[in-house]
Amino acid sequence: MALIDCKLIDLPKIADARGNLSFIEGGNHIPFDIKRVYYLYDVPGGSDRGSHAHKSLHQFIVAMSGSFDVVLDDGTEKKRFQLNRSYYGLYLCPMMWRYLDNFSSGAVCMVLASAHYDEGDYIRSYSDFISMTNQA
Ligand code: TYD
């Protein structure tokens, strides 16, 4: 899978004077079943997160509050996405190097993942990632 497979996905938005509502169904709005949810919050200004890839994990990232950028790198090209609304998110396919930066104050980054936490699925060295993408 390549960078072209990673894209922004608009979520349903039920607009209501009482407040808007969006929802995400695994296998329906995003192309995988959800096994895990985690979130980043209280991120200090100037912090970077991520800087790794996953061998087989699919993920979907939503800015639940505030804004931040996600930079994706498939080993050949890079693309920066800004997330700043909770009615869309970014789908990340496996074997995609990523880092997150430009966190606004109060930003909350929610990540939906296709599997439980498994350190063995991480590629934490960029040079290992590049050699693995060259083998593929
Ligand atoms: P990591 O994925 O490296 O953070 P990020 O990519 O957002 O910078 O995870 C940081 C630490 O949290 C690491 O020690 C593993 C742990 N962790 C879990 O225990 N469970 C999880 O679901 C996640 C995402 C991380």
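The following exchange asks how several labels in this predicted model were reached.

User: What makes the group around Asp69 a network of salt bridges?

Analyst: Begin with the two pairs. Aspartate 69 and arginine 80 have their closest N and O atoms 2.8 Å apart, and a salt bridge needs a side-chain nitrogen of Lys or Arg within 4 Å of a carboxyl oxygen of Asp or Glu. Aspartate 101 also meets arginine 80, at 2.8 Å from N to O, so this pair passes the 4 Å limit too. Through shared partners, Asp69, Arg80 and Asp101 are joined into one network.

User: Where in the chain do aspartate 101 and arginine 80 sit?

Analyst: Aspartate 101 belongs to strand 10 (residues 97-101) and arginine 80 to strand 8; the two are 21 residues apart, and their pairing links distant parts of the chain.

User: Why is aspartate 69 called buried, and what is the label for arginine 80?

Analyst: Aspartate 69 has a relative accessible area of 7%. Buried means under 20%, so the label applies to aspartate 69. Aspartate 101, at 11%, is buried as well. Arginine 80 has 43%; this value falls between the 20% and 50% limits, and arginine 80 is therefore partly exposed.

User: How do you know that aspartate 16 and arginine 18 form a salt bridge?

Analyst: Their closest N and O atoms are 2.8 Å apart, and the cut-off is 4 Å. As for their surroundings, aspartate 16 is partly exposed at 28% relative accessibility. Arginine 18 has a relative accessible area of 78%; exposed means over 50%, so arginine 18 is exposed.

User: How many salt bridges does a search of the whole structure find?

Analyst: The search finds four.

User: What makes the approach of arginine 36 to the ligand a polar contact?

Analyst: An N or O atom in the side chain of arginine 36 is 2.5 Å from an oxygen atom of the ligand, and a polar contact is a pair of N or O atoms within 3.5 Å. Tyrosine 122 places a polar side-chain atom 2.6 Å from a ligand oxygen. Glycine 50 uses a backbone N or O atom, 3.0 Å from an oxygen atom of the ligand. The ligand taken alone exposes 530 Å², of which the protein buries 62%.

User: Which residues surround the ligand, and how do they divide by type?

Analyst: The shell holds Arg36, Tyr38, Leu40, Arg49, Gly50, His52, Tyr117, Tyr122 and Arg124. Four are nonpolar, two polar and three charged. Tyr counts as nonpolar and Gly as polar in this scheme. Strand 4 and strand 5 (49-54) each supply at least two of the shell residues.

User: Why is isoleucine 34 called partly exposed?

Analyst: Its relative accessibility is 33%, and partly exposed lies between 20% and 50%. Isoleucine 34 is found in the loop between strand 3 (21-22) and strand 4 (36-40). Residues with over 30% can enter a patch, and Ile34, Val37, Tyr39 and Tyr41 make a nonpolar surface patch of about 410 Å².

User: Is serine 114 called buried or exposed, and why?

Analyst: Serine 114 has 17% relative accessibility. The limit for buried is under 20%, so serine 114 counts as buried. Serine 114 lies in the loop between strand 11 (108-113) and strand 12 (122-123), and its side chain reaches the backbone nitrogen of histidine 58 at 3.0 Å.

Key: Residues numbered from 1 in each chain as written. Predicted model: local features only at pLDDT ≥ 70, side-chain atom pairs only at ≥ 80, totals over all residues. Heavy atoms only, no water. Patch = residues over 30% accessible without salt bridge, like charges linked within 9 Å, V, L, I, M, F, W, Y side chains within 5 Å. Areas by Shrake-Rupley, 256 points an atom, 1.4 Å probe, with all protein chains shown as cover. Helix = DSSP H or I, 4+ residues; strand = E, 2+ residues; numbered from the N terminus. Buried < 20%, exposed > 50% of the residue type's maximum accessible area, 1.4 Å probe, protein only. Near = heavy atom within 4 Å. Polar contact = N/O pair within 3.5 Å; in protein donor to acceptor, adjacent residues only side chain to side chain.
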